[in-house]
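This report describes the fold of one protein chain, with attention to its helices and to a few backbone details. The sequence and structure come first.

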Amino acid sequence: LEGATLFHLHGGGYLNSKWPTHGFMLGLALWAKENVGCRVVGTGLGLGPLRDPDPRDDTAFRAFRAFDLLEVRDQWSYEFLVRSRLYPDAILGHDDAFLQPARVEQHSGSTLHLSLRQDDAARVVTKWIPQRFVESFDHHIFWACTGQDSAAYAELTKRFPYFNIAATPALLTAVPASHQDFMVAQRFHPHLMGARLGMQGMYRSGSDYYDAKHGLLADLGSSFVEGNIGELT
């Protein structure tokens with residue numbers, strides 16, 4: 001970092017109690033400010049869930065206040081920073097994913113998009129989503145956002161072997177989508193992209209971490225709803 005003029009933490013939901021070791025990034029930002037003298041900024045960050053800082057320990061206060069500019073993507077993160085006085089001048093903004101255009105690969109017919117994790121909620125979707133509903137679509141795409149999602153895909157194909165898998169690099173290039181499409185999403189960014197492209201859909205949370213993430217998109221006007229998989233017809 002010697003010679004750097006800017007230290008930038010860009011958007012994502014990686015600073016939270018779920019992964020406490022990621023707090024190292026805040027410590028690195030503080031070190032850069034104090035030892036290199038560069039500007040420190042954070043944009044599009046999601047901070048939930050986080051515990052309130054210990055008032056007897058000033059480390060968190062020093063780290064957050066090292067930022068020359070700090071933008072968060074959701075109301076929870078903004079209220080947390082202001083309430084805890086970690087950064088009273090925080091900016092309530094948007095996820096950095098909005099900086100990238102939503103590229104569409106136009107296609108004929110309708111597509112069912114599924115984004116599932118390897119957990120009990122995914123197994124509920126795989127077991128209870130109505131076959132008649134699935135077969136009413138012309139195309140079927142499974143969004144594999146991480147390596148662990150492949151296990152959810154393997155389980156899904158035991159019942160629906162005709163789903164095509166699409167990994168993140170392909171989906172960043174262009175999303176095959178139309179206004180006839182529907183998505184069932186556990187993960188945040190598929191929900192974000194589906195909503196941006198005008199899809200209808202349903203989201204499944206399963207944790208306080210994803211409650212905040214999906215809630216952010218609902219607040220921004222996503223047409224996705226949280227519902228019962230078995231009610232899809």
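The protein chain has 9 helices and 11 strands, where helices (H or I, at least four residues) and strands (E, at least two) are DSSP runs numbered from the N terminus. The model is predicted: local features need pLDDT of at least 70, side-chain atom pairs count only at pLDDT 80 or more, and totals for chains, interfaces and linings use all residues. Residues are numbered from 1 along each chain as its sequence is written, and side-chain values use heavy atoms, with hydrogens and water left out.

**Overall dimensions and contacts**

Taken along the principal axes, the C-alpha atoms of the protein chain fill a box of roughly 60 × 35 × 30 Å. Of its 233 residues, 45% count as buried; buried means under 20% relative accessible area, exposed over 50%, and partly exposed in between (1.4 Å probe, protein chains only). Contact means heavy atoms within 4.5 Å. Among the contacts in the protein chain with a separation of 6 or more, 70% come from residues 24 or more positions apart.

**Three helices with a buried side**

The table lists the buried and exposed residues of α1, α4 and α9, together with the arc of the buried ones. The arc is that of the directions from the helix axis to the C-beta atoms.

| Helix | Buried residues | Arc of buried residues | Exposed on the other side |
|---|---|---|---|
| α1 (residues 24-35) | L26, A29, L30, A32 | 160° | F24, E34 |
| α4 (residues 120-128) | A121, A122, V125, T126 | 140° | D120, K127, W128 |
| α9 (residues 208-219) | Y209, Y210, K213, H214, L216, L217 | 145° | D208, D219 |

An α-helix has 3.6 residues a turn, so residues three or four places apart point the same way.

Helix α1 has 12 residues and reaches 16 Å from its first C-alpha to its last, close to the 16 Å expected at 1.5 Å a residue. The expected span of a helix is 1.5 Å times one less than its number of residues. The buried residues of α1 are L26, A29, L30 and A32. Their arc of only 160° around the axis puts them on the same side of α1. These buried residues pack against β1 (6-9), β2 and α2. After α1 comes G37, with a positive phi near 80°.

In α4, the buried set is A121, A122, V125 and T126. Because these residues fall within an arc of 140° when seen down the axis, they line one face of α4. What they pack against is α6 (149-159) and β10. One of them, A122, counts as buried at 4% relative accessibility. Leaving aside neighbours within four places in sequence, A122 is in contact with L116, R117 and Q186. The C-alpha atoms of A122 and F64 are separated by 36 Å, and these residues are 58 residues apart along the chain.

**α9 and its packing with α8**

Helix α9 also has 12 residues, and its first and last C-alpha atoms are 16 Å apart, close to the 16 Å expected at 1.5 Å a residue. The elements that cover its buried residues include β10 (182-185), α8 and β11 (200-203). Just after α9, G221 takes a positive phi of about 105°.

Helix α8 (residues 188-196) packs against α9 at an angle of about 10°, with the axes 10 Å apart. Axes are lines fitted to C-alpha atoms, for helices over the stretch in contact, and angles run from 0 to 180 degrees between N-to-C directions. The two helices are therefore roughly parallel to each other, a term that covers angles under 35 degrees. On the α8 side the contact is made by F188, H191 and L192, and on the α9 side by Y210, K213, H214, L216 and L217. By class, this contact has 5 nonpolar, 2 polar and 1 charged residues. Ala, Val, Leu, Ile, Met, Phe, Trp, Tyr, Cys and Pro count as nonpolar, Asp, Glu, Lys and Arg as charged, and the others, Gly among them, as polar.

**Backbone details in loops**

The peptide bond from G48 to P49 is cis, with omega near -10°. P49 is placed in the loop between β2 (39-45) and α2 (59-64). In the loop between α3 (75-83) and β4 (91-92) lies R85. Its phi is near 65°, a positive value in a residue other than glycine. R85 is exposed, with a relative accessible area of 60%.

Technical notes
Angles under 35 degrees count as roughly parallel, over 145 as roughly antiparallel, 65 to 115 as roughly perpendicular and the rest as oblique.
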